[in-house]
Amino acid sequence: MTLGGQLCQSCGMPITRREDFGTEVNGVINLEYCYYCYWKGKLLDPEITVDKMIERVAARLVEMNKMTQEKALQVSKNLIPKLKRWQPKKEPEKAPQGPA
């Protein structure tokens with residue numbers, strides 16, 4: 001199965017094949033994350049920071065001979081912080097308090 005346009009919401013890896021997706025505990029595909037970041041219902045590196053992920057992705061891009069270190073860092077810094085995993089968690093709104 002080939003898919004188009006899907007990016008892992010943790011590392012930004014293009015997800016183009018069904019087998020590239022992470023999975024839930026029950027084996028169901030998770031449509032948000034790749035298998036490098038999410039497997040069997042868990043993020044594989046839950047303590048990683050956005051800055052460390054930027055470094056990791058940039059290094060991988062250089063390793064794959066996709067671009068220079070400078071360009072890889074620029075691309076990573078522009079993409080990674082925008083992904084779902086790195087967005088600030090919203091606090092649930094508190095119900096308004098009635099008169100005391």
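Student: Let's start with Asp20: where is the place of this residue?

Tutor: Asp20 sits in the loop between strand 2 (14-17) and strand 3 (21-23). Keep in mind that this is a predicted model.

Student: What makes Asp20 count as buried or exposed?

Tutor: Its relative accessible area is 5%. Buried means under 20%, so Asp20 is buried. Leaving aside residues up to four places away in sequence, Asp20 touches Met13, Ile15, Tyr33, Cys34 and Tyr35.

Student: Which class of aromatic pair do Tyr33 and Tyr38 form, and how do you know?

Tutor: Two aromatic pairs are counted in this model. In the one formed by Tyr33 and Tyr38, the ring centres are 5.4 Å apart and the planes differ by 25°. Ring centres must lie within 6.5 Å to pair, and planes under 30 degrees apart count as stacked, so Tyr33 and Tyr38 form a stacked pair. Both of these tyrosines are buried.

Student: Which residues touch the most other members in the largest nonpolar core?

Tutor: That core has 19 residues, and Cys8, Cys11, Cys34, Met53 and Ile80 touch the most other members. Two or more residues come from each of strand 4 (29-34) and helix 1 (50-63). Helix 1 gives the most, with five residues. As a general point, nonpolar side chains in soluble globular proteins tend to be buried together.

Student: What does Met53 touch, beyond residues up to four places away in sequence?

Tutor: Met53 touches Ser10, Cys11, Cys37, Ile48, Ile80, Arg85 and Trp86. A contact here means heavy atoms within 4.5 Å.

Student: Why are helix 1 and helix 2 called oblique to each other?

Tutor: Two packed helices are described by the angle between their axes and the distance between the axes. The axes of helix 1 and helix 2 (residues 69-79) come within 8 Å and cross at roughly 135°. Roughly perpendicular covers 65 to 115 degrees, roughly antiparallel starts over 145, and roughly parallel is under 35. An angle of roughly 135° falls in none of those ranges, so helix 1 and helix 2 are oblique.

Student: What is the handedness of the crossing, and which residues of helix 1 and helix 2 meet?

Tutor: The crossing is right-handed. Ile54, Val57, Ala58, Leu61 and Val62 in helix 1 meet Gln69, Ala72, Leu73, Ser76 and Lys77 in helix 2.

Student: What makes the phi of Lys40 worth a look?

Tutor: Most residues other than glycine have a negative phi. Lys40 is not a glycine, yet its phi is positive, near 50°. Lys40 is found in the loop between strand 5 (38-39) and strand 6 (42-43).

Student: How do you know whether Lys40 is buried or exposed?

Tutor: The relative accessibility of Lys40 is 52%. Exposed means over 50%, so Lys40 counts as exposed. Even so, Lys40 touches Thr23, Glu24 and Val25, not counting residues up to four places away in sequence. The C-alpha atoms of Lys40 and Asn30, 10 residues apart along the chain, are separated by 9.3 Å.

Student: What is the sign of phi in Asn65?

Tutor: Asn65 has a positive phi of about 60° although it is not a glycine. Asn65 lies in the loop between helix 1 and helix 2.

Student: Why is Asn65 put in its accessibility class, buried or exposed?

Tutor: Asn65 has a relative accessible area of 70%. With the exposed class set at over 50%, Asn65 is therefore exposed.

Student: And what makes Glu70 buried or exposed?

Tutor: Glu70, found in helix 2, has 67% relative accessibility and therefore counts as exposed. The C-alpha atoms of Glu70 and Ala58, 12 residues apart along the chain, are separated by 8.7 Å.

Student: How many helices and strands are there in the chain?

Tutor: There are two helices and six strands, in the order β-β-β-β-β-β-α-α from the N terminus on. Of the 100 residues, 27% are buried.

Terms used
Residues are numbered from 1 along each chain as its sequence is written. This is a predicted model: local features need pLDDT of at least 70, side-chain atom pairs count only at pLDDT 80 or more; totals for chains, interfaces and linings use all residues. Side-chain values use heavy atoms; hydrogens and water are left out. Rings of Phe, Tyr and Trp (its six-membered ring) pair if their centres lie within 6.5 Å; planes under 30 degrees apart count as stacked, over 60 as edge-to-face and the rest as tilted. Buried means under 20% relative accessible area, exposed over 50%, partly exposed in between (1.4 Å probe, protein chains only). A nonpolar core is a set of buried Ala, Val, Leu, Ile, Met, Phe, Trp, Tyr and Cys residues joined through side-chain atoms within 4.5 Å. Helices (H or I, at least four residues) and strands (E, at least two) are DSSP runs, numbered from the N terminus. Axes are lines fitted to C-alpha atoms, for helices over the stretch in contact, and angles run from 0 to 180 degrees between N-to-C directions. A crossing is left-handed if the near helix is turned anticlockwise from the far one by less than a right angle, and right-handed if clockwise.
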